[in-house]
Amino acid sequence: MNVSNSEAIHIASPGYPDFYPSDVRCEWILHSDDQSGSYLITFIDFIISETETYSDLQASEDYFAIGKGRHVSIDTQVIRLSKFVAIGSTIVLEENEIWMEFFSDFLFHNRGFLISVRRRKNIAGK
Ligand SMILES: [Ca+2]
């Protein structure tokens with residue numbers, strides 16, 4: 001997705017505001033033509049199911065992760081979020097390209113997330 005300086009884009013979990021499905025993995029790559037700006041990522045809604053282990057069912061935790069560049073990997077990951085994030089929380093990333101990943105395991109769903117992403121010019125001299 002291309003993010004311009006003038007408008008916010010919205011990214012949501014699949015099916016939002018209905019519960020997201022089990023067993024999904026989504027990736028978003030965000031790119032800006034402006035090399036000298038930052039991404040402002042604001043959480044409008046965020047509830048992801050926490051996973052408990054039942055008997056021999058080994059589930060991994062649902063999560064939403066954000067990282068630098070276009071290659072989803074633990075090495076470039078900046079933050080990994082589960083369960084709840086306070087509404088209005090904002091993350092700033094001074095990058096040209098960032099990735100986002102959503103993963104849900106086979107157990108439990110929830111409403112998921114809605115975020116807005118804006119592009120902001122860096123302050124001169126920084
Ligand atoms: Ca789950």
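This passage walks through the fold of one protein chain, from its overall make-up to a few individual residues.

The structure is a predicted model, in which local features need pLDDT of at least 70, side-chain atom pairs count only at pLDDT 80 or more, and totals for chains, interfaces and linings use all residues. Residues are numbered from 1 along each chain as its sequence is written.

The chain holds zero helices and eight strands, where helices (H or I, at least four residues) and strands (E, at least two) are DSSP runs numbered from the N terminus. Along the sequence, the pattern therefore reads β-β-β-β-β-β-β-β. With a radius of gyration of 15 Å, close to the 14 Å given by the globule rule for 126 residues, the chain is as compact as a globular protein of that length. Here the radius of gyration is taken over C-alpha atoms, and the globule rule is 2.2 Å times the number of residues to the power 0.38. Taken along the principal axes, the C-alpha atoms fill a box of roughly 55 × 30 × 20 Å. Of the 126 residues, 21% count as buried; a residue is buried if 20 or more other C-beta atoms lie within 10 Å of its own, exposed if 12 or fewer, and partly exposed in between, with C-beta atoms placed from the backbone. Among the contacts with a separation of 6 or more, 79% join residues 24 or more positions apart, two residues being in contact if their C-beta atoms, placed from the backbone, lie within 7 Å.

The strands can be followed sheet by sheet. Strands of a sheet pair through backbone hydrogen bonds, either parallel or antiparallel. Two strands are taken to pair if DSSP finds at least two bridges between them. One open sheet has four strands in the order S1-S8-S3-S6, with antiparallel pairing. Its edge strands are S1 (9-12) and S6 (90-93), each of which pairs on one side only. Neighbouring strands in this sheet are turned by 25 degrees against each other on average, direction ignored; the axes are lines fitted to C-alpha atoms, for helices over the stretch in contact, and angles run from 0 to 180 degrees between N-to-C directions. Four bridges link S1 with S8 (residues 112-121) in the antiparallel sense, and His10 stands opposite Ser116 in S8.

Another open sheet of four strands follows the order S2-S7-S4-S5, and its pairing is antiparallel. S2 and S5 are the edge strands here, each pairing on one side only. The average turn between neighbouring strands of this sheet is 15 degrees, direction ignored. S2 (residues 24-31) and S7 pair in the antiparallel sense over eight bridges. Within that pairing, Leu30 has Ile98 of S7 as its bridge partner, while His31 stands opposite Glu97 in S7. S7 also runs antiparallel to S4, to which six bridges join it. There, Lys68 has Ile98 in S7 as its bridge partner.

The nonpolar interior comes next. In soluble globular proteins, nonpolar side chains tend to be buried together. The largest nonpolar core has 15 residues, and those with the most contacts inside it are Leu30, Tyr39, Ile41, Phe64, Ile98, Phe113 and Val117. Such a core is a set of buried Ala, Val, Leu, Ile, Met, Phe, Trp, Tyr and Cys residues joined through C-beta atoms within 7 Å. Strands S3 (37-47), S4 (63-68), S7 (97-104) and S8 each give two or more residues to this core. Leaving aside neighbours within four places in sequence, Ile41 is in contact with Ile66, Thr90, Ile91, Ile115 and Val117.

Several loop residues round off the picture. Between S1 and S2 lies Pro17, and the peptide bond from Tyr16 to Pro17 is cis, with omega near 10 degrees. Asp23 is found in the loop between S1 and S2 and has a positive phi of about 55 degrees although it is not a glycine. Asp23 counts as exposed because 9 other C-beta atoms lie within 10 Å. Lys83, in the loop between S5 and S6, also has a positive phi, near 60 degrees. With 14 other C-beta atoms within 10 Å, Lys83 is partly exposed. Val72 sits in the loop between S4 and S5 (77-81). Leaving aside neighbours within four places in sequence, Val72 is in contact with Glu27, Gly67, Trp99 and Glu101.
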